[in-house]
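Student: Please take a close look at the ligand site and at the pocket that holds the ligand. Which residues surround the ligand, and which elements supply them?

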Amino acid sequence: MSKLVYYVAATMDGYIATENHELGWLETFTLSDDATPYEKFYQSIGAAIIGAGTYEWIMKNTSGHWPYQNIPSFILSSRNLSIPAEINAVVTHDSANQIAVKAKAAAKGKDVWVIGGGKTAAFFADAGELQQLFITTVPVFLGSGIRVLPVSHSIQAIPNKQQLLSSGAIETIMDIKSTA
Ligand SMILES: NC(=O)c1ccc[n+]([C@@H]2O[C@H](COP(=O)([O-])OP(=O)(O)OC[C@H]3O[C@@H](n4cnc5c(N)ncnc54)[C@H](OP(=O)(O)O)[C@@H]3O)[C@@H](O)[C@H]2O)c1
């Protein structure tokens with residue numbers, strides 16, 4: 001069954017970007033060959049969910065090149081965000097449940113990647129719509145920044161798989177305990 005997976009890289013102290021939305025700490029870190037290949041993960045994905053903050057970061061840092069063109073994306077925004085017509089994405093401010101239903105249908109049996117950021121992933125986790133976390137924890141501390149999952153109430157996660165990589169990063173897959 002299709003699930004919503006928050007696949008993300010975070011620091012040891014639980015941040016996914018600096019307060020100024022910089023990712024230099026991640027871009028300069030070399031993942032070792034024993035890491036799960038990004039391509040392997042991406043092949044399991046049929047749709048994506050992205051917060052407006054992350055969408056704007058991508059557009060600014062990839063010179064407008066949309067990296068997920070082969071899958072439909074749902075961009076969360078309360079604004080009338082204008083996105084280029086050629087991009088395979090729609091802007092939505094539906095409920096978490098409505099977006100999850102649409103994204104799973106669009107994924108056609110594959111999983112849905114909750115790309116982030118933290119606020120968007122927490123919106124789905126708070127609503128009981130996030131099923132799995134795949135966090136690559138990088139051995140870096142930032143002290144402050146954008147939090148990985150700022151939920152508004154406690155969420156129980158059940159460890160599924162963990163791997164210490166030779167680079168010092170740790171891959172952790174956790175299933176979120178259903179509250180239903
Ligand atoms: N390390 C990594 O792997 C990784 C992965 C992803 C992102 N990032 C970084 O994370 C940062 C952005 O994360 P973020 O947590 O600040 O923002 P975000 O989740 O990407 O976007 C949050 C924005 O989405 C819109 N939104 C609309 N409805 C929402 C809802 N119900 N819940 C949540 N957001 C809603 C709001 O913008 P409106 O004003 O448009 O309504 C909100 O300000 C960027 O710097 C990005 O580069 C890092």
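Tutor: What follows goes from the ligand outward to the pocket, then to a second pocket and two backbone features. The model is a predicted one.

The shell around the ligand holds 24 residues, and those that come nearest are His21, Thr54, Ser77, Ser78 and Lys119. By class, the shell divides into twelve nonpolar, ten polar and two charged residues.

Three polar contacts can be named individually. On the side-chain side, an N or O atom of Lys119 is 2.7 Å from an oxygen atom of the ligand. The backbone takes part as well: a nitrogen atom of the ligand lies 3.0 Å from a backbone N or O atom of Ile16, and a polar backbone atom of Ala52 is 3.1 Å from an oxygen atom of the ligand. In terms of surface, the ligand taken alone exposes 930 Å², and the protein buries 81% of that area.

As for location, the ligand sits in the largest pocket. Two or more residues of the ligand shell come from each of strand E1 (4-11), strand E2 (15-17), helix H3 (52-61), strand E6 (111-116) and helix H5 (118-126).

The pocket itself has a volume of about 1,200 Å³. Its lining comprises 41 residues, with Leu23, Leu26, Thr54, Trp57 and Ile115 nearest the centre of the pocket. Thr54 thus appears both among the residues that come nearest to the ligand and among those nearest the pocket centre. The elements that each supply at least two lining residues are E1, E2, helix H1 (24-27), H3, E6, H5 and strand E7 (132-138). H3 gives the most, with eight residues. The lining divides into 23 nonpolar, 13 polar and five charged residues.

The second largest pocket can be described in the same terms. About 260 Å³ of space lies in this second pocket. It is lined by 14 residues, and Thr36, Phe41, Gln132, Phe134 and Ile173 are the closest to its centre. Helix H2 (38-43), E7, strand E9 (157-164) and strand E10 (170-176) each give two or more residues to this lining. E10 provides the largest share, three residues. Here the division is four nonpolar, five polar and five charged residues. E7 therefore recurs, since strands are numbered from the N terminus and one label marks one run: E7 is listed for the lining of the largest pocket and for that of the second largest pocket.

Two points of backbone geometry remain. Most residues other than glycine have a negative phi, and most peptide bonds are trans. His21 is not a glycine, yet has a positive phi of about 65°. His21 is placed in the loop between E2 and H1, and this residue is also one of those that come nearest to the ligand. The other point concerns Gly116 and Gly117, which are joined by a cis peptide bond with omega of about 0°. Gly117 is in the loop between E6 and H5, and both of these elements give two or more residues to the ligand shell.

Definitions and conventions. Residues are numbered from 1 along each chain as its sequence is written. This is a predicted model: local features need pLDDT of at least 70, side-chain atom pairs count only at pLDDT 80 or more; totals for chains, interfaces and linings use all residues. Side-chain values use heavy atoms; hydrogens and water are left out. A residue is near a molecule or strand if one of its heavy atoms lies within 4 Å of it. A polar contact is a pair of N or O atoms within 3.5 Å; within protein, one must be able to donate a hydrogen and the other to accept it, and residues adjacent in sequence count only if both atoms are side-chain atoms. Accessible areas come from the Shrake-Rupley method with a 1.4 Å probe; for residues, only the protein chains shown count as cover. On a 1 Å grid over the protein atoms alone, a cavity is a set of points where a 1.4 Å probe fits but cannot get out, and a pocket is an open set with protein on both sides within 12 Å along at least five of seven lines; lining residues have an atom within 4 Å of a point. A molecule sits in a cavity or pocket if more than half of its atoms lie within 2 Å of its grid points. Helices (H or I, at least four residues) and strands (E, at least two) are DSSP runs, numbered from the N terminus. Ala, Val, Leu, Ile, Met, Phe, Trp, Tyr, Cys and Pro count as nonpolar, Asp, Glu, Lys and Arg as charged, and the others, Gly among them, as polar. Grid points are joined across faces, edges and corners, and a volume is the space filled by probe spheres set on the points.
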